[in-house]
Amino acid sequence: MADAGAFLTDNNRSRQRKDRFARYGVIAGGISVLLTLVLIFFYLLYVIVPVFAPARITPVQSFSVPLTQTAAVRFNEQNTHAFHFSADGQISLVALGRREGQAVAQQVVMANPTSFDAALPNEHVFAYGDHTGGVTVVKPLIRQDNLVLSDPLDAPYIQLDSQGMPLVQLAVSVRRQVAVLVGVTQDQRLVARVFHRGSGLDTGEQTWQASQLAMPAIGQPVTDMVVTPDGRTLYVLNGRQVTVIDLNQSEGRIRQQTDVSQGAGDPVAMTALSGANSLLITGADGKVTQWFEVASAGQRQLTAARTFSGGQGALNLVVPEYYRKGFFAVQDGGLLAGYYMADSAAPVLESRLFSRTPELMTVSPRADRLLAISGEQWQLFKVTNPYPEVSFSSLWQKVWYEGYPEPDYVWQSTSGTDESEPKLSLVPVVFGTLKAAFYALCFAIPLALAGAIYTAYFMSSSMRKVVKPTIEIMEALPTVILGFLAGIWLAPIVENHLIGMALSLLVLPLVMVAVGLGWAMLPGGWQRRMPTGLHILLLMPTLVLAGYLCFTLSPVIEQAYFGGDIRSYLTNHWGIGYDQRNALVVGIAMGFAVIPTIFTIAEDAIYSVPAHLSSGSLALGATPWQTLTRVVLLTASPGIFSAVMMGLGRAVGETMIVLMATGNTPIMDWNILEGLRTLSATIAIEMPESEVGSAHYRVLFLAAFVLFVFTFFFNTLAEIVRQRLREKYKSL
């Protein structure tokens, strides 16, 4: 007996040790999961927070340079030197940093020039005009700390005006394949020459071919000119209007003339943002207005998009950045302000740096340095503003982008040129995520819940043992396979049998009801011959036959009533667009992926309802249907709601199906026949191509954070509602 007692004691101790080990293991696992979620949360914040850091500007150095008559100043790419262009035709190379203010080299381009122009900052091309109508175009370079002037047009001197009149205004643009040179003569005539680079017939070398354009008379004195980099358009500010001249013909033609004064008198200056798609026009009232061309009624019209005004006086000395859609300006009193187009009209940077407005300012190529010049005094500042394109308004509000007819939500993170502004609105991809989840759940919830109810409540146990594992094993099917089948196999079927799909949505439920009514009308003897729970074996062939008939009749109906092309009919008569990979395809494919999740949880919840509840209801005279709707489903409602919310979370986070079957078009349209783009698909597509640390990279992490918050919110809501439903119906 003593041995038996000792054995039981040892056995109890062993069991206790195992229980304690299991308990600690479960606790450790739970804590690890929570810790992992917290670490993910804070890492996302660590990557995201820098994009919302405020812009800063700090002084670097101040020095004196004995150079006067400044016409323009430009940084080199490394910010080690500055090129100084004087109004008397001399270019000087000024070393910054270690050798403060030292002009290390100088060259004379033209003696006593009558005009000067600097091309867009990223072109780094400059032109001087003389009193005989000639122009010299140069591009300064640094080689071994020496100043070298290259000839971008392979011509040291270009006779722009054939009449030999002095040039009082110039506009120049030189790109790889096209260049434009425009001048205004002393008698206010426009003269222009366009250059195209082509291969010679003999040598095959790339050479410039020039053509003179006949320019129209514009009537009023010219204040400023801007030529676009593609060589097709010239903007002329004359009086209160901007004259837009087409240069892509054998002669310049006036396309439009737009009053840009806005009732404030004659504008005083005009400059172009990067790419010259937008004009910044400074009015007589000191406000700066952004103008760009917008397509309207088949024509392009200059439109005022936004106006920037200084809170402490007029904006002076507007200086655009090289590549980004931003500019700096100095208000009366010396307050420096920085603006960015994708943000609101409020400044992203303000700092009182000057006692008075400098004579000239310039920004470095990377927008990380600012140089201000007043006479011989030079001031260099460091600018910290790496992510001006990201703000609350650019992420969540409508923004009026260049060329768009109106403000809109747009996601277009990359483009063909560096001069295109990034469009990083998260609204279209959040909308696409919700749209995909909505249509997937519209497909999945009825099938999954109906299947769960039938399997748990009506189906025979022998058949349930086969059906339930079969549906559950569907969850193990890789979603990349479902996405591949949806994009390659299902999308063409939907496209070719669109009417058949619509008929199926109407006919199949009616067939199910008809089969049920027909079964109920059969004599009792016939009904008893079918084993309980196997009625679905009669329904399935009927549904297959009905679906087959719908698809068979689809081309007949399409030919008879829709001219043989339902897609064109929808577009031309109802204005409904159609994409082959659309929300309907996604709803079907992702619905199949979500069905096992909803079915499994809901079926377990319904099957777990105590048998005495349904037996008692039936014993009191309730029908099986009344027992199901008023007892079983109410008792199982916490589990059913959890199943639906888990399915929603699965649909929101799905990646491969929406990546392969949606077309990935970030548009905001509830049309089920249009495509969409989701948060998860955007991250999967663009994260490998994004530059680490860039605004695009961090916004993708912000998208991941939003997705994380979505799933956390849905799961939390599901748990709260589940607990309340459990408390409400626990007395049943």
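**Entry 1. Strands β11 and β12**

I count two strands as paired if DSSP finds at least two bridges between them. The model I examined is a predicted one. I began with strand β11, residues 167-174, and strand β12, residues 178-185, which pair in the antiparallel sense over seven bridges. The connection from β11 to β12 is a hairpin of three residues. To fix the register, I looked up Ser 173 and found that its bridge partner in β12 is Val 180. I then checked how far β11 is covered: seven of its eight residues are buried.

**Entry 2. A salt bridge at the hairpin**

I next looked at the loop between β11 and β12, where Arg 175 lies. The side chain of Arg 175 meets that of Glu 123 in a salt bridge, with an N to O distance of 3.0 Å. Glu 123 sits in the loop between β6 (115-118) and β7 (126-129), so I noted that the pair links distant parts of the chain, 52 residues apart. Are the two partners buried or exposed? Glu 123 counts as buried because its relative accessibility is 5%, under the cut-off of 20%. Arg 175, at 25%, counts as partly exposed.

**Entry 3. Other salt bridges**

I recorded 19 salt bridges in the structure. One of them joins the side chains of Asp 187 and Arg 189 at 3.0 Å, N to O. Asp 187 is partly exposed at 40% relative accessibility, and Arg 189 is partly exposed at 21%.

I also looked up Arg 255, which forms a salt bridge with Asp 246; their closest N and O atoms are 2.2 Å apart. Arg 255 has a relative accessible area of 32% and is partly exposed, whereas Asp 246 counts as buried at 19%. I further noted one network, in which salt bridges that share partners join Arg 464, Lys 468, Glu 472, Glu 603 and Asp 604.

**Entry 4. Helix α8**

I asked which span the 26 residues of helix α8 (residues 536-561) should have. At 1.5 Å a residue the expected value is 38 Å, and the end C-alpha atoms are 36 Å apart, which agrees. I did find a bend of about 35° at Ser 554, and Pro 555 follows within four residues.

Which residues of α8 are buried? I listed Leu 539, Ala 546, Gly 547, Cys 550, Ser 554 and Glu 558. Ser 554 thus appears both as the site of the bend and among the buried residues. The buried residues of α8 pack against α5 (479-496), α6 (498-521) and α9 (566-574). Just after α8, I noted that Gly 563 takes a positive phi of about 65°.

**Entry 5. Aromatic pairs**

My search of the whole structure gave 29 aromatic pairs. I examined Phe 431 and Trp 670, whose ring centres are 4.8 Å apart. Their planes stand at 65°, so the pair is edge-to-face, the cut-off for that class being over 60 degrees. Phe 431 belongs to helix α3 (residues 427-458) and Trp 670 to the loop between α13 (656-661) and α14 (679-686), so this pair ties together parts 239 residues apart in sequence. Phe 431 is buried, with a relative accessible area of 14%, while Trp 670 is partly exposed at 45%.

Finally, I noted a cluster in which ring pairs link Phe 41, Phe 42, Phe 705 and Phe 708.

Definitions and conventions: Residues numbered from 1 in each chain as written. Predicted model: local features only at pLDDT ≥ 70, side-chain atom pairs only at ≥ 80, totals over all residues. Heavy atoms only, no water. Buried < 20%, exposed > 50% of the residue type's maximum accessible area, 1.4 Å probe, protein only. Helix = DSSP H or I, 4+ residues; strand = E, 2+ residues; numbered from the N terminus. Expected span 1.5 Å × (residues − 1). Bend = angle between axes of the 7 residues up to and from the residue. Contact = heavy atoms within 4.5 Å. Salt bridge = Lys/Arg side-chain N within 4 Å of Asp/Glu carboxyl O. Phe/Tyr/Trp six-rings, centres within 6.5 Å; stacked < 30°, edge-to-face > 60°.
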